[in-house]
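Work through the exercises below with the sequence and the coordinates at hand, and try each task before reading its solution.

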Amino acid sequence: MGERTPREAPGSRRNVDYVPHDLPRTLGALRASGHEIRGVKDEIRQNLLSALREGRDAWPGIVGFESTVLPQLERALLAGHDVVLLGERGQGKTRLLRSIVNLLDEWTPVIEGSELGEHPYDPITPASRRRAAELGDDLPVAWRHRDERYTEKLATPDTAVADLIGDVDPVKVAEGRSLGDPETIHYGLVPRAHRGIVAINELPDLAERIQVSLLNVMEERDIQVRGYTLRLPLDVLLVASANPEDYTNRGRIITPLKDRFGAEVRTHYPLELADEIALVQQEADLAAEVPRHLIEVVARFTRSLRESSAVDQGSGVSARFAVAAAETVAAAALRRAAITGEERAVARPVDLESVPAVLRGKLEFASGEEGRESEHLEHLLRRATADTARARLRGIDLNPLAEAVAGNPVRTGERVAAVEVVAALPAVDALTEIAKRLDAGGTEDPGPMASAAELALELLFLTRRLAKDESDDGDTVSYG
């Protein structure tokens with residue numbers, strides 16, 4: 001049974017186009033194969049333990065949680081607890097919930113055609129029990145991939161009990177069945193996730209009466225619809241995400257539901273700069289080449305925003321902000337390359353100027369900062385640029401470069417091609433060291449070289465060792 005490379009994120013609903021041919025197709029063949037039934041929580045527990053013993057990464061694509069969030073989540077899953085992740089927006093809560101899918105068996109048997117994906121050994125609906133009794137070992141078996149065992153619901157105020165739990169199907173009643181007949185029920189998301197994972201994003205946004213409907217699912221593992229109870233021994237892992245402010249302070253989550261979650265795990269933004277950079281590199285879909293030193297500027301800029309008193313920290317600064325900023329820088333480089341006729345689009349520090357204007361709307365500013373938003377963003381971006389340049393160019397003597405440029409200004413900007421920037425650079429040893437430090441190659445590779453040189457020139461300007469003046473067309477500047 002070879003592992004597939006999924007084309008979509010875990011939890012996406014899609015058709016499985018490959019099922020191994022050697023899997024049993026009837027109940028009798030399944031028994032003969034020695035297959036044993038496991039509850040979903042035990043399945044996750046055993047697969048997680050195997051990954052830990054073998055030293056395998058059980059959480060591919062999760063960055064920055066290795067020593068904080070993941071150990072807590074692993075303990076909760078090993079304990080068989082339903083889990084709620086608490087964290088501000090853009091901390092990767094949904095990504096982490098979807099990653100739990102990787103701990104399920106790749107393929108699991110189900111009764112072919114069963115509405116709730118019941119195990120052939122343990123049918124739970126009247127229809128499946130009847131089929132199992134009639135067909136015996138000839139009961140047909142289908143196989144479900146782990147991606148199909150994940151159900152995700154974004155909690156919204158208009159979510160109904162019928163969406164999550166189910167409701168009476170009027171068509172089935174019209175066919176002559178009584179209201180007390182379990183076969184009149186149209187099942188909701190939770191029962192349909194039987195033997196799988198149910199994830200509810202932004203749990204406190206559910207109306208209180210909807211939260212109440214989950215109580216029996218989490219404790220007694222049955223469901224209640226329209227005044228009568230269906231004793232369905234549901235086998236589900238319920239996971240959820242929430243903002244701590246909504247979950248703990250505003251009373252938007254009912255106490256009995258909070259009590260039924262066995263574990264509350266706090267998430268956070270990346271603690272280390274390297275993790276922030278790795279996250280951006282992993283998630284950003286870049287339209288042009290963005291050198292690592294500019295990704296670092298974006299990462300430092302994002303971290304500065306999370307520490308700024310001018311930004312409302314209650315709403316947080318999402319990791320998506322950093323990703324969008326990197327994509328904006330790449331887009332600016334691509335546009336510049338089209339204007340200047342460059343074949344290869346490589347981002348330069350001048351492209352960072354597009355970030356504050358484009359992404360200002362993604363931030364919520366503290367009260368009293370009206371009208372000063374752009375000023376704050378530009379200041380923090382300049383500081384992030386200077387900090388990155390100092391860190392990356394530490395130990396290089398830039399004075400010869402400053403002296404050479406003071407006598408022969410270098411023009412750079414949105415309408416200046418990289419080859420023109422490189423041609424105007426003075427022949428000083430410092431540039432060779434800068435290119436090596438920033439992996440820019442040399443003058444024969446103008447894109448990366450111009451990006452590296454601009455970072456050094458920007459540092460000289462920000463430390464007041466060079467002046468910078470805008471030209472009349474407003475698109476280019478001169479250092480000198």
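The exercises that follow concern a predicted model, and each task is followed by a worked solution.

**Exercise 1. Determine where Thr159 sits, whether Thr159 is buried or exposed, and which residues Thr159 touches.**

Solution. Begin with the chain: Thr159 belongs to the loop that joins strand 4 (150–154) to helix 6 (161–164). Next, take the relative accessible area, which is 2% for Thr159; because buried means under 20%, Thr159 is classed as buried. Then look for polar partners, where a polar atom of the Thr159 side chain is found 3.0 Å from the backbone oxygen of Thr156. Finally, list the contacts, leaving out residues up to four places away in sequence: Thr159 touches Lys153, Leu154, Leu164, Leu206 and Ile210.

**Exercise 2. Describe how helix 13 and helix 14 pack, and find which residues meet.**

Solution. First set out the geometry: helix 13 (residues 273–283) and helix 14 (residues 292–307) have axes 9 Å apart and pack at an angle of about 115°, and their crossing is right-handed. Then identify the residues on each side: helix 13 contributes Leu273, Glu276, Ile277, Val280 and Gln281, while helix 14 contributes Arg292, Ile295, Glu296, Ala299, Arg300, Thr302, Arg303 and Arg306. Sorting the residues of this contact by character gives five nonpolar, two polar and six charged.

**Exercise 3. Place Glu289 in the chain, classify its exposure, and identify the side chain with which the side chain of Glu289 makes a polar contact.**

Solution. Glu289 lies in the loop between helix 13 and helix 14. Its relative accessible area is 34%, and since buried means under 20% and exposed over 50%, Glu289 counts as partly exposed. Turning to contacts, and setting aside neighbours within four places in sequence, Glu289 is in contact with Arg344, Ala345, Val346, Ala347 and Pro448. The side chain of Arg344 is the partner sought, with a polar contact of 2.7 Å to the side chain of Glu289. As a last step, compare sequence with space: Glu289 and Leu334 are 45 residues apart in sequence, and their C-alpha atoms are 8.7 Å apart.

**Exercise 4. Explain why the buried residues of helix 18 lie on the same side of that helix.**

Solution. Start with the buried residues of helix 18 (residues 399–407), which are Leu401, Ala402, Ala404 and Val405. They lie on the same side of helix 18 because they cover an arc of only 170° around the axis. In general, an α-helix has 3.6 residues a turn, so residues three or four places apart point the same way. To complete the picture, Glu403 and Gly407 are exposed on the other side of helix 18.

Methods. Residues are numbered from 1 along each chain as its sequence is written. This is a predicted model: local features need pLDDT of at least 70, side-chain atom pairs count only at pLDDT 80 or more; totals for chains, interfaces and linings use all residues. Side-chain values use heavy atoms; hydrogens and water are left out. Helices (H or I, at least four residues) and strands (E, at least two) are DSSP runs, numbered from the N terminus. Buried means under 20% relative accessible area, exposed over 50%, partly exposed in between (1.4 Å probe, protein chains only). A polar contact is a pair of N or O atoms within 3.5 Å; within protein, one must be able to donate a hydrogen and the other to accept it, and residues adjacent in sequence count only if both atoms are side-chain atoms. Contact means heavy atoms within 4.5 Å. Axes are lines fitted to C-alpha atoms, for helices over the stretch in contact, and angles run from 0 to 180 degrees between N-to-C directions. A crossing is left-handed if the near helix is turned anticlockwise from the far one by less than a right angle, and right-handed if clockwise. Ala, Val, Leu, Ile, Met, Phe, Trp, Tyr, Cys and Pro count as nonpolar, Asp, Glu, Lys and Arg as charged, and the others, Gly among them, as polar. The arc is that of the directions from the helix axis to the C-beta atoms.
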